[in-house]
Amino acid sequence: MKSIAGVKVADVVSVYSSAPGDLFQLMFGQQIHIGGMKASIDLADRAAIAAGMNGVDLCCCNGPDMRFFVRFPNVASIVGLDVTEAIVERGRRMTHEEGLDDKIRFILADASQSGLPSASADFIWSEDAWCYVPDKPKLIAEAARIVRPGGVIAFTDWVEGPAGLSDSEAQSFCGLMTFANVEDIAGYAKLLSANGCEVSVAEDTGRFASHADLYINMIEMQFMYDALKPLGFRTELLETFLAGFRFLSGLAHAGKIAQARFIARRN
């Protein structure tokens, strides 16, 4: 695991409560993760998440994956936790507007100490969000505590790729993304196993590089005005933002960062 000093949860809250969070929403759509709904369908199918189940989305953002689960796999209920108040309130409004309040509940809380009952969920879910959580051992332990025996933990996350990050690259990457640290595939698999889970999938999705290029092209070729609006139409700020994504694209094409998927069952 590569780490940097000085990044706190409050810094992540600040990002997602301000213009950068709005830009991420524009670039990624409602589902702020690489691959969007197609990626959600793929992961849910492979994890055998089905109608009637009860789930927990740790680091749920504004709840798009929860609304996906209610509309498509038709889960019975799902609880989402996020630490950013503005995002949670937005999610509650969006969920109410779609008439899905009866199956979806939001909690403003740290995903590493949720307060939810032990063995209370059929599945634990997250997409590209645990990279923001500083204490990953504590987070995985919490996920394993909440899911019932035989239940599934399914998530994707941004990880260090097989080519590895140099110390300077890791510092730049984590600083750019407001990550206190970045785990790798083997590290996550080890944490899951150490918390009583049998890991069936721990692999690179192969999506990061192509999608990073897509997001840059979307802004440069179609959504430049939309992207400038939350930045007060300051073109230099948008160029700085895009330069950051070009850096991510370069790392991804070099195999130094990746989006990875994980599926594990609680023993």
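## The second largest pocket

The second largest pocket holds about 310 Å³ of space. This comes from a predicted model. Its lining counts 16 residues, and those closest to the centre are P20, F24, L176, T240 and F241. Three elements each give two or more residues to this lining: α2, α7 (167-177) and α11 (235-253). The largest share comes from α11, with six residues.

By class, the lining of the second largest pocket is 13 nonpolar and three polar residues. No charged residue takes part in the lining of this pocket.

## The largest pocket

The largest pocket has a volume of about 570 Å³. It is lined by 35 residues, of which Y16, C59, D82, A129 and Y132 are the closest to its centre. Helices α1 (9-16), α2 (19-28) and α4 (64-71) each supply at least two lining residues. The top contributor is α1, with three residues.

Charge does appear in the lining of the largest pocket. The classes there are 22 nonpolar, five polar and eight charged residues. Helix α2 gives residues to the largest pocket, and α2 also gives residues to the second largest pocket.

## Helix α4

How many of the eight residues of α4 are buried? Seven are, so the helix is largely enclosed by the rest of the structure. The buried residues are P64, D65, M66, R67, F68, F69 and V70. Two of these, D65 and M66, are in contact with D57.

The cover over the buried residues of α4 includes helices α3 (36-46) and α5 (85-97). It also includes strands β2, β3 (77-82), β4 (104-108) and β5 (121-127).

## Two buried acids without a salt bridge

D57 lies in strand β2, residues 54-58. D57 is buried but has no salt bridge. Its nearest side chain of opposite charge is R67, 9.2 Å away. R67 is itself one of the buried residues of α4. Leaving aside neighbours within four places in sequence, the contacts of D57 are D65, M66, I78, V79, G80, L81, W125 and S126.

E183 sits in the loop between β7 (181-182) and α8 (185-194). E183 is also buried and also lacks a salt bridge. Which side chain of opposite charge is nearest to E183? That is K136, at 7.0 Å. Outside its neighbours within four places in sequence, E183 is in contact with M1, K136, V159, E160, Y188 and L191. K136 thus appears in both descriptions: it is a contact of E183, yet it forms no salt bridge with E183.

## Two residues with positive phi

C61 is not a glycine, yet its phi is positive, about 55°. C61 is found in the loop between β2 and α4. Is C61 buried or exposed? C61 is buried, because its relative accessible area is 15% and the cut-off for buried is under 20%.

D128 is another residue other than glycine with a positive phi, near 55°. D128 is placed in the loop between β5 and α6 (136-146). D128 counts as buried, because its relative accessibility is 7%.

Conventions:
Residues are numbered from 1 along each chain as its sequence is written. This is a predicted model: local features need pLDDT of at least 70, side-chain atom pairs count only at pLDDT 80 or more; totals for chains, interfaces and linings use all residues. Side-chain values use heavy atoms; hydrogens and water are left out. On a 1 Å grid over the protein atoms alone, a cavity is a set of points where a 1.4 Å probe fits but cannot get out, and a pocket is an open set with protein on both sides within 12 Å along at least five of seven lines; lining residues have an atom within 4 Å of a point. Grid points are joined across faces, edges and corners, and a volume is the space filled by probe spheres set on the points. Helices (H or I, at least four residues) and strands (E, at least two) are DSSP runs, numbered from the N terminus. Ala, Val, Leu, Ile, Met, Phe, Trp, Tyr, Cys and Pro count as nonpolar, Asp, Glu, Lys and Arg as charged, and the others, Gly among them, as polar. Buried means under 20% relative accessible area, exposed over 50%, partly exposed in between (1.4 Å probe, protein chains only). Lys and Arg count as positive and Asp and Glu as negative; His and the chain ends are not counted. A salt bridge is a side-chain nitrogen of Lys or Arg within 4 Å of a carboxyl oxygen of Asp or Glu. Contact means heavy atoms within 4.5 Å.
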